[in-house]
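This briefing walks through selected features of one structure, grouped by topic. The sequence and the structure come before the commentary, so that each point can be followed on them.

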Amino acid sequence: MDIPDALSQRLREAQHILFFTGAGVSAESGIPTFRDAMSGLWSRFEATDLATPEAFARDPALVWGWYEWRRRKVLQAAPNPAHRAIAGFLRHAEVSVITQNVDDLHERAGSPVSAHLHGSLHAPRCFACGHPASYPPGVPEVAEGGERIEPPCCHRCGGPLRPGVVWFGESLPEADWGAAMAAIEDADMVLSVGTSSLVWPAAEIPVWASRRGACVVQVNPQPTALDEIATVSLRGPAGAILPALLESAYGRSGA
Ligand code: OAD
C-alpha cells in the first residue's frame with residue numbers, strides 16, 4: 001500500500017506513539033475477532049452464556065471449557081507481521097501498546113504491553129477469593145468451539161478458578177486503565193488498529209487522545225465508529241499496512 005508522504009513524515013517526527021489494538025490485529029494469526037459477520041465469536045456464540053459472571057456461576061464447566069478452547073488457539077498461534085511491525089516502532093520512538101486483546105501475541109513479538117484493558121487469557125484467578133493461579137504447562141486438549149471442562153480448584157480456598165478476562169458487567173483492571181490514561185496524556189500520535197471501536201470505555205481512548213491534539217490514524221479493512229474523528233483511515237489488513245507504515249517512516253533498513 002502507498003502511504004501518503006505527509007503521514008510518513010508525521011510518524012517519523014512522532015515522539016510518543018500509542019498503539020491501541022483490538023481483535024483485528026490478531027486476526028491474521030488465526031485468532032477469531034468478535035464482530036466479523038461470519039467468523040466473529042459473537043456471531044457464533046451467545047455472549048450472555050459465556051462472558052458474564054452470572055454465566056460462570058450458572059455453568060462453570062461450560063464457560064471454563066470455552067475459554068480453554070480460546071487459550072488453546074492462542075498457544076498454537078504465532079505473532080503476525082502487524083505485531084512484529086509494532087515492535088519495530090520501539091526502535092524509533094517511545095511506544096505504548098494498549099490492547100483490548102486477551103492474547104499475548106504483542107509480547108511474543110517483542111512489545112511490552114502497558115495495558116491489557118480486557119485482561120488476559122493467561123492469568124486465571126479464583127472466582128471466589130480472587131487469589132491468582134496458574135495453568136499447568138502445555139496446550140490443553142479441547143474440541144473446536146469448546147467443550148465442558150470442570151475448572152480446577154483454588155489452592156487457597158477450594159473455589160473454582162475463572163479465566164483472567166474482563167466479562168460484560170465487570171470493571172476494567174484499575175492499573176491497566178491508569179496506564180492507558182497516562183499514555184493518552186503523553187502521546188502525540190495514536191494508531192488504532194483492528195478494533196470496531198464499539199466497546200466502551202476502551203473505545204474512548206483514541207477519542208480522548210484526539211481531543212488532546214494527537215494525530216489519530218486508523219488501520220482497519222472496514223469502516224468503524226472511529227472514522228468520524230480519525231485524521232486518516234487506512235483501509236486494509238494490519239499485517240500489510242503496519243509494515244508499510246514502518247518502512248515508509250524509517251526506510252527499509254529502519255524497518
Ligand atoms: P471486534 O470483533 O469488535 O472488531 C474487530 C475489528 O477488526 C473489526 O472492525 C474488523 O473490521 C477488524 N479487522 C478484521 N480483520 C482485520 C485485519 N486483518 N486487520 C485489521 N483489522 C481487522 O473486536 P474488538 O474491537 O477488539 O471484549 O472488540 C472489543 C471488545 O469486544 C473485545 O475486547 C471483547 C469484545 O466483547 C471483552 O471480551 C470484554
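**Pocket, helix packing and backbone features**

The lining of the largest pocket draws at least two residues from each of helix H2 (24-27), helix H3 (41-44) and helix H6 (60-76). The model is a predicted one, and the points below take up this pocket, then two helix pairs, and finally two backbone features in one loop.

**The largest pocket**

- Among the contributors to the lining of the largest pocket, H6 gives the most, supplying four residues.
- The space in the largest pocket comes to about 1,000 Å³, and its lining is made up of 48 residues, with Ala23, Thr33, Phe34, Arg35 and Ser196 lying nearest the centre.
- Sorted by class, the residues lining the largest pocket comprise 26 that are nonpolar, 15 that are polar and seven that are charged.
- Because residues of the lining come both from domain 1 (1-31 + 79-118 + 172-255) and from domain 2 (36-76 + 121-165), the largest pocket lies between these two domains.

**Packing of helices**

- Helix H7 (residues 81-89) packs with helix H11 (residues 238-254) at an angle of about 25 degrees, and the axes of the two helices are 7 Å apart.
- Since angles under 35 degrees count as roughly parallel, H7 and H11 are therefore described as roughly parallel to each other, and the crossing in which H7 passes H11 is left-handed.
- For helix H9 (residues 174-186) and H10, the axes come within 9 Å of each other and cross at roughly 30 degrees.
- H9 and H10 are therefore also roughly parallel to each other, by the cut-off of 35 degrees under which angles are so classed, while the crossing of H9 and H10 is right-handed.

**Backbone features in the loop between E6 and H10**

- The loop between strand E6 (189-193) and helix H10 (204-211) contains Pro201, and the peptide bond that leads from Trp200 to Pro201 is cis, with an omega near 10 degrees.
- Ser197 is also placed in the loop between E6 and H10, and Ser197 has a positive phi of about 60 degrees even though this residue is not a glycine.

How values were computed: Residues are numbered from 1 along each chain as its sequence is written. This is a predicted model: local features need pLDDT of at least 70, side-chain atom pairs count only at pLDDT 80 or more; totals for chains, interfaces and linings use all residues. Side-chain values use heavy atoms; hydrogens and water are left out. On a 1 Å grid over the protein atoms alone, a cavity is a set of points where a 1.4 Å probe fits but cannot get out, and a pocket is an open set with protein on both sides within 12 Å along at least five of seven lines; lining residues have an atom within 4 Å of a point. Grid points are joined across faces, edges and corners, and a volume is the space filled by probe spheres set on the points. Ala, Val, Leu, Ile, Met, Phe, Trp, Tyr, Cys and Pro count as nonpolar, Asp, Glu, Lys and Arg as charged, and the others, Gly among them, as polar. Domain bounds come from an automatic or database domain assignment. Axes are lines fitted to C-alpha atoms, for helices over the stretch in contact, and angles run from 0 to 180 degrees between N-to-C directions. Angles under 35 degrees count as roughly parallel, over 145 as roughly antiparallel, 65 to 115 as roughly perpendicular and the rest as oblique. A crossing is left-handed if the near helix is turned anticlockwise from the far one by less than a right angle, and right-handed if clockwise.
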